[in-house]
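Reader: I am new to this structure and would like to be taken through it. May we begin with the terms I shall need?

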Amino acid sequence: MNTLPVRLASRSVEGREMWTITAYLPGARPTTVIRRSDNSTTFGTRSAATTAANNFARSLGFAGIEQNAEIKKAAKRSV
């Protein structure tokens with residue numbers, strides 16, 4: 001199955017724990033393209049963030065998401 005790798009992260013906004021989603025789209029830089037209806041990139045609960053990420057992945061043709069995926073970067077060349 002083809003899944004979309006995403007990273008869920010929590011942070012404190014005005015004293016409340018909010019969740020952000022970073023999507024790792026193939027061929028693009030990691031980005032926070034998943035937004036709420038008010039155009040905010042933070043979600044009040046982890047469940048809301050996961051649901052939004054699943055809906056986004058399915059709209060792009062993926063089977064679902066892979067949470068907190070480790071994306072391997074190419075090693076920098078030593079000089």
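Author: Certainly. Contact here means heavy atoms within 4.5 Å. Please also keep in mind that this is a predicted model.

Reader: With that in hand, what covers the buried residues of H1?

Author: The cover includes S1, S2, strand S3 (42-43) and S4. The buried residues of H1 themselves are Ala49, Thr50, Ala52, Ala53, Asn54, Phe56 and Ala57.

Reader: Take Ala49, then. Which residues is Ala49 in contact with, leaving aside neighbours within four places in sequence?

Author: Ala49 is in contact with Leu8, Trp19, Ile21 and Phe43. Ala49 also belongs to the largest nonpolar core, which has 15 residues. Together with Leu4, Val6, Ile21, Ile34 and Phe43, Ala49 is among those that touch the most other members.

Reader: Which elements each supply at least two residues of this core?

Author: They are strand S1 (3-13), strand S2 (16-23) and helix H1 (46-59). H1 gives the most, with five residues.

Reader: Why does the length of H1 agree with what is expected?

Author: At 1.5 Å a residue, its 14 residues should span 20 Å, and the end C-alpha atoms are 20 Å apart, so the two agree. After H1 comes Gly61, with a positive phi near 95°.

Reader: Turning to the strands, how many bridges join S1 to S2?

Author: Eight bridges join them, and the two strands run antiparallel. As one of the pairings, Ser10 in S1 has Trp19 in S2 as its bridge partner. The hairpin of S1 and S2 has two residues between the strands, and Glu14 takes a positive phi near 55° there.

Reader: And S4: does S1 run parallel or antiparallel to that strand?

Author: S1 and strand S4 (residues 64-67) run parallel, joined by four bridges. Val6 has Gln67 as its bridge partner in S4.

Reader: I also noticed Thr22 in strand S2. Is Thr22 buried or exposed?

Author: Thr22 counts as buried because its relative accessibility is 11%, and buried means under 20%. Apart from residues up to four places away in sequence, Thr22 touches Pro5, Val6, Arg7, Pro30, Thr31 and Thr32.

Reader: One last topic. How many salt bridges does a search of the whole structure find?

Author: The search finds one. The side chains of Arg36 and Asp38 meet in that salt bridge, at 2.8 Å from N to O. Arg36 counts as partly exposed because its relative accessibility is 32%.

Key. Residues numbered from 1 in each chain as written. Predicted model: local features only at pLDDT ≥ 70, side-chain atom pairs only at ≥ 80, totals over all residues. Heavy atoms only, no water. Core = buried A, V, L, I, M, F, W, Y, C linked by side-chain atoms within 4.5 Å. Buried < 20%, exposed > 50% of the residue type's maximum accessible area, 1.4 Å probe, protein only. Pairing = 2+ DSSP bridges. Salt bridge = Lys/Arg side-chain N within 4 Å of Asp/Glu carboxyl O. Expected span 1.5 Å × (residues − 1).
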